[in-house]
Structure formats: structure tokens, C-alpha cells
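Hi,

Here is the structure I promised to pass on. Have it open while you read, and my notes follow below.

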Number of protein chains: 2
Amino acid sequence: MSITIKDIAELAGVSYSTVSKALNNSPLVKPNTKAKIIRIAKEQGYEPNFAARRLVQKQSHTIGLVWPTVERVALSTLVTKIKEEIEKHGYSMILSINSASTAIEMFKRFQIDAVIVFEETKQKMDASVFANLPIISYGTALNNEIPFVDVNYRQAMLLGVKYLVDLGHKRISFVGDFSPVDQRQIEKYEGFLEAFEKYNLPVTPHTIVNTGGLDWYDGYHATKRLVETDSTLPTAVIGSSYDISAGIIRALREKDLIIPKDISVIGYDNIPQMANLETPLTSIGPPIDVIAKEIVTTVFMLMDEKDSVPTIQTIHPELKERASCAIAKST
Amino acid sequence: MSITIKDIAELAGVSYSTVSKALNNSPLVKPNTKAKIIRIAKEQGYEPNFAARRLVQKQSHTIGLVWPTVERVALSTLVTKIKEEIEKHGYSMILSINSASTAIEMFKRFQIDAVIVFEETKQKMDASVFANLPIISYGTALNNEIPFVDVNYRQAMLLGVKYLVDLGHKRISFVGDFSPVDQRQIEKYEGFLEAFEKYNLPVTPHTIVNTGGLDWYDGYHATKRLVETDSTLPTAVIGSSYDISAGIIRALREKDLIIPKDISVIGYDNIPQMANLETPLTSIGPPIDVIAKEIVTTVFMLMDEKDSVPTIQTIHPELKERASCAIAKST
DNA sequence: CTTATAAATAACAACGTTGTTTAATTATAA
DNA sequence: TTATAATTAAACAACGTTGTTATTTATAAG
């Protein structure tokens, strides 16, 4: 049996309501008694029962994050950032790796104040599951009722292509996976094509390189194939993700192509790790802290007043210059 | 204001205690009334208040997992497995990426029934933090009071070396990171040396290859260095982790060395992903499900009766044959 | 010295459940 | 019928807090 405010009340010779006030640092109790009560509480190793507290105050000051695909590293940086952001608001974050609906059920048991969902695939979820619960999704729109924080992938590609064009590049390749399951990858691909059209760039058989996967070696193999053809090489390459870009760099280096002297490279995913690659990579996409901040801000807005939040919120990408791009050699 | 059993009682024309019993499927209420109450509850979208329930029943049927280093993929498979194992016991799992002591504080607020800690570095934690809380650690001993599930890395290396020796190999290399911070890596290294001595194998400058890091490219570079020397190549290589082994395979393939015809490879980390590498890799270490099961079993033992659990529990490794080892060519 | 006023504490009613006790109803046997 | 047992439902006391209201005690004003 753990110790309660009643036990402390007894020991201090006051009523338990006084103990409650003292421990909550209420001005309604005399400094003397307050000090004494706090002392006794500490001595006795008192730990508040949060179930009881939550029964009367409705909030838990905790936000739940649903993250069923822990195996995907890409998001882990974002998760960490979101946690930090949440803590700035004086809240805690808790994680579940269950599917969205199971996770939400569990979070409700813990009287979580709001939920953030990272889910790769669109879920059919009964509206009753998230009724009266501030909830937001990132990555995939779960449902048209649930506010959704999105990234403008097309604009990111436009940004990247424009940057390269401004440096004088014309032969640009896109190395990415555009398997039909992942909407985000497709948007990157389409964004690239859009930009290509906009800048009137020449499409060749090597403009688009399909990796067929999202791992580093998928990018590696694809790039290997690209650079081993006899035709003229591109002067710049855009990789569709952090991992793929790592593979690209590896393959280029093996061919003794020097970045950015011989070839320029841009990678999608604006994360700090980009700087740690063999060549620090110029990257596109919203900086990870911007995404984190946006998500967290939206959640808190949602908790304040449900109606003020737009259903879709789009984050705009930025370009972060590092050391992997140079002016195109005049060919 | 959400709906409570009292509201349902009113609607059903019974007392709230009857509603409670009906919803808990107690035999003390007539099937008729029970059905009616359940129907009304469903109609009204009743959701139990778990804070209230927990106030009277002390258990939450949830286990917390502290996992401060989400960025490390290696463990994510294990985390997923542990979750499944916990669910087999009818419990839920919840995650925190905070440091151990912060996470435990939060878990206590949620009346978590037990805690599992994955922590890379030894923590100094006040005993009061985990007093009266079933807690267990994996990976690193947190504290001599907290039961600790360990892996016998030395034995794993012995197993691997023995297996290769039995296949006739004599020139075996160990590719791994033994930076002084990670105790586990060091034990693998020492285990390898121990085995080498036991089987009287010849130590050469290439017996031990230090990667200086745990990423795939660390293994890749190290192996590259190894195979590009002029001296006689080893006939077998042991990689100290999944990622490093992936790098080893890549480097060997690039040198047109065929696995296992030209060279045999064993990787530490007995995870299913080993089968998906370019060459399915024979691996050593406790199978991930065995580790998960051991951890979860220990936690439940701990919840039952605290004293029955030994402070250190060692899991023994196994060798999983796949396609990466062959009989040594007679040189 | 009252008496009004402020400060400090005590008392008590929530919060939404569960589990135990008590009461009311119904069925069964004498 | 009536006493008795079995079934069903109601009543009530927890669980450990917080917040509101009531009471006591100290302080100041007249």
C-alpha cells in the first residue's frame, strides 16, 4: 500500500485537504504548515496517485503519438524533435507502435489529451474511435475529418530543379522509388517531371531512374546502372530520400566521380544527418524542426478550439545548401 | 461531458451498480436486463473512464518500454517482437523515448504495471524512482538492484568460430567496432579472441578489423581495406552486427568474391532480416524472438513475485545456418 | 472589549468506477 | 398458504484526489 495524502495529514496533524493544498503550493495555507507538510511528504516518499487526480481534473498533459512502423528510420528524427517540441509546451509524449485504432483505444484509457498519427497506409477507422479527441495525422490523410499535416513535395522538387538550373545544369536525373503504394514518393516524382517541363529540360532515357525500393542499396544499384551506361552522364542528380541519396553518393564515388566537381547531387529530406554523409549533401524539403513545430502547434490549436484548424495544412520546403552542388561545366 | 454509467442507469431504469455489473458481464444480473443495458450503452457510445476504474482496481494491464535511442534501428525489430509477446499475455505496451528516469516518472502517472528499460549508457538513478515498480533492463545493467537480461556475446563468438573451424576454416577475420563505450561490442571482440585462442588459430594483422563505427559503410570500408591488401585473404569473416555484415557483403561482392564459394561470412544478430541480404547470411546470436520472450517472461515473473527473479539472466546464442558458409577450400 | 475582517484550516461533496452488503423480489419446497 | 432458499437488484462504501464551502482562529478597527 502506498502512502496517500491522508497518511500525511495524520502525521502532520492537519486535514487531508490542507495537505492537498500544501502540496499544490496553494497560497491558502500558511508557509509554516506548508513547509512542514512538504517535509513529511518527502520523508514518507509520497507519490501522488494520478488516476485519482485525473478523475477530478480532466487533463493528463500528455500527447500520444501513434507510430506503427518503427522500423523506418527516416521518421525517428522527426519523432525525437516532436517530443522536444511537446515538452516545450510542458506536456509529455508517449508512443504506441500499434495500429492507429488500437493505439487510440489505449491512449484513451490513459486519458491522453491529444493524438498524433504517423501512418503509412490509409486506414478505415470508425469515427467513434476518435470522437471528442483532438487528433491529427502526418504523412497520409487518414480520413477527411481528421486534420492532416502535409508536405508540398512538388514544390520541393521544383525548388531543387530550379536551383540546379540556376547553376547552369540541364542534364538532371531523378533517382527515386515510385512504386504505386506510397503517395509521397509519387508526388516527388511528379513534381520533378513538372519542374522539368517548366524549365524546358531535355528528357532522356536517363532522366528518371527507378530504384524499386527505399533502402540505400536501392539507390546505390540504380545509380551504378546509371553511371555505367555509355551515354552522356547527367551533370546533376536528385535523390528522393536520405537513404537513397547515401547510395547515390557511394555509387558515384566508386566511379571516381567527384562531387560536386564532376557531378552535383541534391537529396530530399532536410535532416541534419545529410551533413554527415561522405559529402555533405545539399538537400530539399522542410527542415525537420519546421515539420515538428508545425505538427505540434497544430495539435495544441486543436486542443484549444477544434474548429480553428484547417483540414489540410501544407508545409513548404526549403533548400539547404551544403557542399554537393557546383556550377555546371560548359559542355 | 462524456456519458457515464449513471446516465445509462437512468435510461435503463436501473441503479448504476447494476449497470457496472452488466457491463462487466457479471452473472449477478439477469440476462434480459444485461442485454438491455449493453444495448443502451452501445447506443449512447458509452466509454468507460479508466482513471476511475484504475482508482479502485490497481492494475492498468500495460507495460512501459523505455527506449531513448529510437534512431538505432537494430532494436526496433526487438521492440516489435516484445510488443507482440506482451499482447499474448493480454497486456498492452506503451513506449517512451525519454531518458529512463523521466520515462519512469511518466509511466508511474499512468499506473503502468511494469517497466522494461533499453538504455545504452549506465544511468545513475535514484532508487526512489523505481521503488515498488517491477522493472527490468536489457542491454546494459542499469543498477545492481534491477534485474538485467543479458546476452552471452562471448559464447556467440565461440559458436561462430567453432562452426567455421568445423568447416575447415583457419584464416578467420573479425570485422567489428570495439570502441570502448559500448560494452557489448567489446564482449564480442573479446569472445572472438578467446575462441581464436581455444582453437589455436593463427593471428595475423588481418585477424581483427576495426570498423570504427556501427553503420553499414563502416563495415564496407573496413572490408574493402581488408580485401585490397596483398596478403593472403581470410577464408571466412565474422561481422559483428547486422549493419556491418551488410557492408561486408557489399565489399566482397564488389571484389567479385563469391559467397560462400570464395569466402564464408557469418554475421552477428540473429534477426530475420539476415535472410534478405544479397546473400542470405548465416548468423549467430539469440534469435530475436527468444530475447523478446525471455524479457517478457521475466517481467511477468517480476510482477508475480519480486524475489523469484535473478539479478542477471543470460540468454544463450544460437547459430542459424543460411547460405553464406561453405567448407574451406584446401589451400 | 467588543465586533468586523482577514487568514488559516477543516469539512465535505464531487469525479466514475468496482466490490461488498443489504434489501427486495421471485421461485421452490414443506 | 407460508416458510425458506435462490435469484436479482439496489444501496453504499471505498479508491485518492481537487475544489468549494463552512468553520475556527488571529488581527485590526472602533
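For chain A, UniProt lists residues 3-57 as "domain: HTH lacI-type", in an unreviewed entry; positions are given in the numbering used here, the feature name is shortened, and such annotations may be inferred rather than shown by experiment. That span is 67% helix and 0% strand, and its end C-alpha atoms lie 21 Å apart. Helices (H or I, at least four residues) and strands (E, at least two) are DSSP runs, numbered from the N terminus.

Before you go further, some housekeeping. This is a predicted model, where local features need pLDDT of at least 70 and side-chain atom pairs count only at pLDDT 80 or more, while totals for chains, interfaces and linings use all residues. Residues are numbered from 1 along each chain as its sequence is written, chains are lettered from A and ligands numbered from 1 in the order in which they are written, and side-chain values use heavy atoms, with hydrogens and water left out.

The domain assignment (bounds come from an automatic or database assignment) splits chain A into domain 1 (5-48), domain 2 (62-151 + 289-315) and domain 3 (153-286). The C-alpha centres of domains 1 and 3 of chain A are 64 Å apart.

Now the DNA. Strand C is surrounded by 32 residues, and the closest are A:Ser15, A:Leu28, A:Lys30, B:Ser20 and B:Tyr46; a residue counts as near if one of its heavy atoms lies within 4 Å. Of the strand C atoms within 4 Å of the protein, 63% belong to sugar or phosphate and the rest to bases. Chain B makes these polar contacts (pairs of N or O atoms within 3.5 Å; within protein, one must be able to donate a hydrogen and the other to accept it, and residues adjacent in sequence count only if both atoms are side-chain atoms):

- B:Lys21: a side-chain N or O atom is 3.0 Å from a base oxygen of strand C.
- B:Ala52: a backbone N or O atom is 3.3 Å from a base nitrogen of strand C.
- B:Arg53: a polar side-chain atom is 3.2 Å from a phosphate oxygen of strand C.

As for packing, the largest nonpolar core has 132 residues, and A:Phe118 and B:Phe118 have the most contacts inside it. Such a core is a set of buried Ala, Val, Leu, Ile, Met, Phe, Trp, Tyr and Cys residues joined through side-chain atoms within 4.5 Å. Buried means under 20% relative accessible area, exposed over 50%, partly exposed in between (1.4 Å probe, protein chains only). A second, separate core of 36 residues includes A:Ile94 and B:Val117.

Cheers
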